[in-house]
Amino acid sequence: MNQTEKSQTIKNEELSAYKVKYDAEGFLLLDSFLSKHEISVIVDEIPQIKKIDPNAVIFEKSGEVRSIFVEVEKNSVIDAIVQNNDLIAIVSELIGSEVYPYQIKFNNKCAFLGEPWEWHQDFVFWHKEDGMPEPDALTVAIFLGDIHEYNGPMYLVPASHKAGLLSFQQYDSNLNDESDAFKEYQNSKPYISQLSSKLKYVLEEETIKKNIRENGVLSAKGAAGTLLFFHSNLIHASPSNLSPWDRNILFISYNSIKNHPPIELMKRPSFIANKSGSFHQLS
Ligand SMILES: O=C(O)CCC(=O)C(=O)O
């Protein structure tokens, strides 16, 4: 069965309206998409998910968990969300083709200590590290708790996806200020530098200034259960979390089935980049 023919509750007119907004802005924010119960089922599963693969748990300098990556098909609660019919209908409409899950992760920005994400575009990582040909991919951020101006919301530059892949600075190692223990951790696995607060590919300050001058900037806020869909070339970042409230998001990135990277270029572990190129394993 075609993905978009599966049972869905969203009407075609709604999908078309979402597509118009997404094409114009590069993102779409839908509140109350998941119920409090659906969110609590995901949150309650996190301790189990953390145990799946110790390599897939990424730490911050403080020792707090920054991200937990989840390989496709390793957890039934996550697979159910990844395959949610309404979610797939929206993502397929926005990307313009059938899709498959490319990357799944939790980002936990814990109270007082959660570290920032520097300004970047996601596509540069998928293109340079995995060989993804085109930016025909997007990410859905599922808010697992309330996100407001104090607990490190994502900053988005509307319409910046239209600029395509922008010039970036590449840091193969930018650990000058870090402790020896953190340096050792960062250097222990080559992929960690793409995932920690010292990102490998960051946008240049002039690029950020120009884009914000032209398009403005906003923060993505909402109650638990809100969904944010954002284009793989949308400029985004997020600040540290100095508030007493954790900020938790489940990110599911989807790629067009026509845009799967050549398998020989996919060197990162499967929990970071799904090598299957389809939904076929999920039933
Ligand atoms: O968790 C965040 O605030 C941002 C995450 C992000 O930008 C990313 O994973 O590419």
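**Notebook: cavities, ligand and pocket**

I began with the enclosed spaces and counted 2 cavities of 30 Å³ or more. I note here that the model is predicted.

I looked up the largest cavity next. Its volume is about 290 Å³. I found 22 residues in its lining. Lys105, Trp117, His120, Asp122 and His236 lie nearest the centre of this cavity. I then sorted the lining by element. Strands E4, E5, E12 and E13 each give two or more residues to the lining of the largest cavity, and so does helix H5 (122-130). By class, I have 10 nonpolar, 8 polar and 4 charged residues in that lining.

Where does the ligand sit? I checked, and the ligand is in the largest cavity. I wrote down the strands that give two or more residues to the shell around the ligand: E4 (99-109), E5 (117-120), E12 (236-238) and E13 (247-256). Which element gives the most to this shell? E4 does, with 3 residues.

I listed the residues around the ligand by name. They are Lys105, Asn107, Lys109, Trp117, His120, Asp122, Met154, His236, Ser238, Arg247 and Phe251. I sorted this shell by class as well and got 3 nonpolar, 4 polar and 4 charged residues.

I went on to the polar contacts of the ligand. For Lys105, a polar side-chain atom lies 2.5 Å from a ligand oxygen. For His120, I read 2.8 Å between a side-chain N or O atom and an oxygen atom of the ligand. For Asp122, the distance from a side-chain N or O atom to a ligand oxygen is 2.9 Å. I then asked how much of the ligand the protein buries. The ligand taken alone exposes 290 Å², and the protein buries 96% of that area.

I turned last to the open spaces. The largest pocket has a volume of about 150 Å³. I found Ile46, Lys50, Val65, Ile68, Phe106, Asn107, Asn108, Leu144, Asn248 and Ile249 along its lining. Asn107 caught my eye, since it lines this pocket and also belongs to the residues around the ligand. At least two lining residues of the largest pocket come from each of helix H2 (36-50), strand E3 (65-69), E4 and E13. E4 gives the most to this lining, with 3 residues. By class, I count 6 nonpolar, 3 polar and 1 charged residue in the lining of the largest pocket.

My closing note is on E4: it gives the most to the ligand shell, and it gives the most to the lining of the largest pocket.

Key:
Residues are numbered from 1 along each chain as its sequence is written. This is a predicted model: local features need pLDDT of at least 70, side-chain atom pairs count only at pLDDT 80 or more; totals for chains, interfaces and linings use all residues. Side-chain values use heavy atoms; hydrogens and water are left out. A residue is near a molecule or strand if one of its heavy atoms lies within 4 Å of it. A polar contact is a pair of N or O atoms within 3.5 Å; within protein, one must be able to donate a hydrogen and the other to accept it, and residues adjacent in sequence count only if both atoms are side-chain atoms. Accessible areas come from the Shrake-Rupley method with a 1.4 Å probe; for residues, only the protein chains shown count as cover. On a 1 Å grid over the protein atoms alone, a cavity is a set of points where a 1.4 Å probe fits but cannot get out, and a pocket is an open set with protein on both sides within 12 Å along at least five of seven lines; lining residues have an atom within 4 Å of a point. A molecule sits in a cavity or pocket if more than half of its atoms lie within 2 Å of its grid points. Helices (H or I, at least four residues) and strands (E, at least two) are DSSP runs, numbered from the N terminus. Ala, Val, Leu, Ile, Met, Phe, Trp, Tyr, Cys and Pro count as nonpolar, Asp, Glu, Lys and Arg as charged, and the others, Gly among them, as polar. Grid points are joined across faces, edges and corners, and a volume is the space filled by probe spheres set on the points.
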